[in-house]
Every structure is written in structure tokens, then in C-alpha cells.
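Visitor: I would like to learn how to read a model like this one, feature by feature. Could we begin with how exposure is judged, and then go on to the backbone and the ligand?

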Amino acid sequence: MRIAVVGGGISGLVAAYRLRQALGSAADLVLIERRARIGGILRTGELAGDPVDLGAEAFVGRRPEIPSLMRELGIEDQLVYPAGRRPLIWSGGTSHPLPEGTLMGIPASPEAVTGLVDADTLTRIATEPQRPLHWSPGDDISVAALVGDRFGEQVVHRSVDPLLGGVYAGLANTIGVRAALPTLAAALDGGAPSLTAAIATALPAPSTTPVFGGIRDGYGVLLEALRTAADVKIETETTATELRRTPTGWHLNPVGPVDAVILATPAPVTASLLAEIAPAATELLTGIELASSAVVAMALPADTDLPENSGILVATGEPLRAKAFTLSSRKWPHLASRDVALVRASFGRYGAATPLTWSDEELIAAAREDLVTVTSATIHPLQAVVQRWPGGLPQYAPGHTTRIADLRSATADLPALALAGSYLDGVGVPACAATGTAAAARILDDLSHR
Ligand SMILES: Cc1cc2nc3c(=O)[nH]c(=O)nc-3n(C[C@H](O)[C@H](O)[C@H](O)COP(=O)(O)OP(=O)(O)OC[C@H]3O[C@@H](n4cnc5c(N)ncnc54)[C@H](O)[C@@H]3O)c2cc1C
């Protein structure tokens, strides 16, 4: 039994690990990765002598996948939680507390955004339930179209965009309601008479579980544990260039013949590998846009006068280049004890001029200057690391869930082939890990019916 996994990000590594768990030591597993290292968008670098995450730095703690994986892999002692501080929103040249009781920034009442938006907008939110809402079950529109129409543009730009920008590197006008806010879509499908009523239904039940979790020494710890447990032959700097069907399975270039294959690659790569085999799937995948981003991780003197908040999210339309700052030493107790203060500046929103072309010096200067603006602190980075993520985040545009359902239909009859990755069921690390598990399950099921 020879199985190939293409792509060494979290999706591919989890898939390989699940295959090994199910098939035992006899299976011949090979994972090919185009780059010189595994991890994809998970990358732990070093700053001021200690590990620091330069891609994802957290995961949704209310989802089970990552804590479960960490327990299975025996690294649960690495599981950490944030201090519970909240971020600020930088809007109108000043900082505001992040609204409470919102669904991805969409308020359940005017009180939630008082101070952040003007009086007309507050009245508009208060009277929204009196205006008829037109929504048919199955509809999908951009988050901006829905929220802008019901609550006004200020709510979109000042409350929703900063949160969506953090997750998708997208804006409310390019992200669809159904994929980004499934509980809201369900409430609207269920006949909620207003957006206010739908949000009240869609808000998660209060919970004492921390919203986020993290890994003490960075995602690199999880990657290494997965690599070891998967016991998979990893070939880095190896690019999959062609996939063909054979009478007994697949021929993957440059691996050769395999019984089964998992494509855990970004949508455009998956599209090109499926071009000959499943043109309909390729067309669907080609329609998924990507957003690029960059992270500047900075070590500052420990006594830098940073706000007592977990971060600062920037509203759209502000004359800043960074879209968000994570005040890592404030956010994470395990980082607070380091000798330096750690801050991550994030750049890049879908459709906006990309900072990928800026030099490291330009990105670091922009991060420093914008941090001075939003904190009024004296900022002297002791060290800074720049990481660019070209095309790192797929955009979940309106219609994305239908597109993915159609993609699954278009690939359903391809035996012993499964897809995994961040374009399927959510961009977060837990959702990606879940696609890896599901892809392995599909392969195991197909092979068992041979
Ligand atoms: C800046 C940033 C911050 C983020 N922060 C968070 C966060 O805090 N929490 C969270 O949950 N999520 C976060 N995310 C999202 C999350 O990190 C990603 O969605 C997830 O890591 C993607 O994993 P993946 O394995 O699906 O894809 P990738 O990590 O992109 O892996 C795909 C792999 O396939 C390889 N590949 C591509 N083509 C080929 C080929 N032809 N042959 C062989 N290999 C190939 C690539 O080199 C890559 O290694 C963040 C994303 C970004 C960009």
C-alpha cells in the first residue's frame, strides 16, 4: 500500500498522521512539499533568542481539533491560553474598546457599538427590526451588503472589517455570509424577521472555555510531533506537477505510482493537478481568490509603554498601512515573562495594494511608525523579523459553500483521491486539521472497498 500526500501544511500533515494511525507501520506513506520546510503557513521562527510564530499564532479554543491532537501526540503541556485581555479598535484616529456581544463585529444592539459609530448609525441599528428583511433560505450575499444595508457602513468599516480582516485578510465586501457566519445564515434561513433578531439567535451561548488557544513554544512543536507520529517519508523541495489515473490507482509526478493520493495544496495548485482528471473541479477551484499578507514580528524593550490590551485592530479607511497589531506579550501570559515585549504587525487585505512588494526595511518602518501612531509610545525595535505569505488565505466569497459542495460532487467519483486544505471548510488551523482527518477517512474508506 503506497499513499502520497501532496502539501506539508497542517492539512497534509494531519492527513498523513491519520493514515499512519489507521494503517500501521506497513503502509508506505510519502509526503511531498514544494518548499524546503514543512508547515506551510505555520512557521515558528526566532526572535530575541526565543521561538515566535510568524504565521498562525493561535487557534479557536472552542473547537476540539487542536487540543485533541496535542493530547494524542503527548504535547498537551504545550497548550496555553490567552490572558483574557481584549483588543482595541483604531478608528477615527483614536482607539476604542472592541465591541462586546457581537458576532464577528455585527452588534446585537446599538449599545454594543456606542462610541465607535455615530448617533445616526445607533438609531439605524435600534430601528432595524422595524424594517422588513428580504432573505430567502439559501441566499448568500457579502457580509458588507447585509450589514451595510441593515446597520450602515460605519458598522461594516469600524466593527466587522477589522475582525474579518484578521481571519481572512479579506473585507466584509468580499466575504460571504454563509461561509463566514454559518450560524447567522441558519438564523436568516430559519425566518429571523430582522438582522438584530438573527444575530441574537446566532450568537454563541456564553461559555467559560477560552476563545483561543496557543502553543507555548510555537506551532513548530505541533509540526514536529506530527512529523514523528506520522512516520512519513517527507520529500521537501519536491513539487507535484502531474496526476494521472492508472488501472490500479494514480501516477503522481515525481513520486510515481501510488494506490491513493491526498491533495492538501492551495486551491490553484489543486486546480492544476486536477485539470485533466476533473475539469469541472478545476473550474470551481479556479474561482477561489487568494489574499496575500505579511507579518512583522518585533522585539521591543520590555518596559515599552504598550496598552494593556491583547491587540489593536485597524478600521478600514484609516491612514495606516498595518491592518492589526497583536500585542503578544500582553495577549499571552507565557510570553509576558520574556525579557522583551513582543508585537506582531499584520499587513495585507484582499484587493488592497499588497505590501508583498515592499522591502523588509519598508515593512519594518511601516510597522514601527503605525505602532507609534496607535499607542503614542516610543517604539525602538531591538530586532524584527519579516514573513511574507503570498496567496496565503483563500477568500470565502458569496456562494463559497455552494462552490465547495459542487467541488465535492465533481470529485466524488474519483477513487482513492481526497482533497484537504484551507479553501474547503474554514481557513483556521482547526478547520484545516479537520479536512486532513476527513481526507484520510475518505481514502481509508475507498481502499477498504477495493
Ligand atoms: C498571516 C496569517 C496568520 C494566520 N493566523 C491564524 C491563526 O492565528 N489561527 C488560525 O487558526 N489560522 C490562522 N491562519 C490560517 C492558517 O494558518 C492557514 O489557513 C493554515 O495553516 C493552512 O494550512 P494548509 O495545510 O491547508 O495550507 P498551507 O499551509 O498553505 O500548506 C499547503 C502546502 O502545500 C505546499 N505545496 C503547494 N503546491 C505544491 C506542489 N505542487 N507540490 C508540493 N507541495 C506543494 C505549500 O508549499 C504548502 O506548504 C493564518 C494565516 C495567515 C496567512
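Guide: Let us start with one residue of this predicted model. M104 has a relative accessibility of 22%, and because a residue counts as buried only under 20% and as exposed only over 50%, M104 is classed as partly exposed.

Visitor: Where does M104 lie, and what is the value of its phi angle?

Guide: M104 belongs to the loop between β9 (102-103) and β10 (106-107), and its phi is near 45°, a positive value in a residue other than glycine. D231 also has a phi near 45° and is not a glycine; this residue is found in the loop between α9 (219-230) and β12 (233-235).

Visitor: Which peptide bond is cis?

Guide: The bond that leads from N253 to P254 is cis, with omega near 10°, and P254 sits in the loop that runs between β14 (249-253) and β15 (256-258).

Visitor: Is G39 buried or exposed?

Guide: G39 has a relative accessible area of 1%, and therefore falls under the 20% limit and counts as buried. Its place is in the loop between β2 (28-32) and β3 (44-47).

Visitor: What does the surface show around V60?

Guide: V60, V211 and F212 make a nonpolar surface patch of about 220 Å². V60 itself lies in strand β5 (residues 59-60), and its relative accessibility of 35% is why V60 counts as partly exposed.

Visitor: Turning to the ligand, how many residues surround it, and which are the closest?

Guide: There are 36 residues around the ligand, and the closest are S11, E33, A58, V427 and V429. Sorted by class, this shell has 18 nonpolar, 14 polar and four charged residues.

Visitor: Which atoms of E33, R34 and I41 lie by the ligand, and at what distances?

Guide: It helps to separate side chain from backbone here. E33 places a polar side-chain atom 2.6 Å from an oxygen atom of the ligand, whereas R34 has a backbone N or O atom 3.0 Å from a ligand nitrogen atom, and I41 has a backbone N or O atom 2.8 Å from an oxygen atom of the ligand. As for cover, the ligand on its own has 1,000 Å² of accessible area, of which the protein covers 91%.

Visitor: Which elements give two or more residues to that shell?

Guide: They are α1 (10-23), β17 (290-301), β21 (383-394) and α16 (429-448), and α16 gives the most, with three residues.

Key:
Residues are numbered from 1 along each chain as its sequence is written. This is a predicted model: local features need pLDDT of at least 70, side-chain atom pairs count only at pLDDT 80 or more; totals for chains, interfaces and linings use all residues. Side-chain values use heavy atoms; hydrogens and water are left out. A residue is near a molecule or strand if one of its heavy atoms lies within 4 Å of it. A polar contact is a pair of N or O atoms within 3.5 Å; within protein, one must be able to donate a hydrogen and the other to accept it, and residues adjacent in sequence count only if both atoms are side-chain atoms. Accessible areas come from the Shrake-Rupley method with a 1.4 Å probe; for residues, only the protein chains shown count as cover. Helices (H or I, at least four residues) and strands (E, at least two) are DSSP runs, numbered from the N terminus. Ala, Val, Leu, Ile, Met, Phe, Trp, Tyr, Cys and Pro count as nonpolar, Asp, Glu, Lys and Arg as charged, and the others, Gly among them, as polar. Patches are made of residues with over 30% relative accessible area and no salt bridge: like charges are joined within 9 Å, nonpolar side chains (Val, Leu, Ile, Met, Phe, Trp, Tyr) within 5 Å. A salt bridge is a side-chain nitrogen of Lys or Arg within 4 Å of a carboxyl oxygen of Asp or Glu. Buried means under 20% relative accessible area, exposed over 50%, partly exposed in between (1.4 Å probe, protein chains only).
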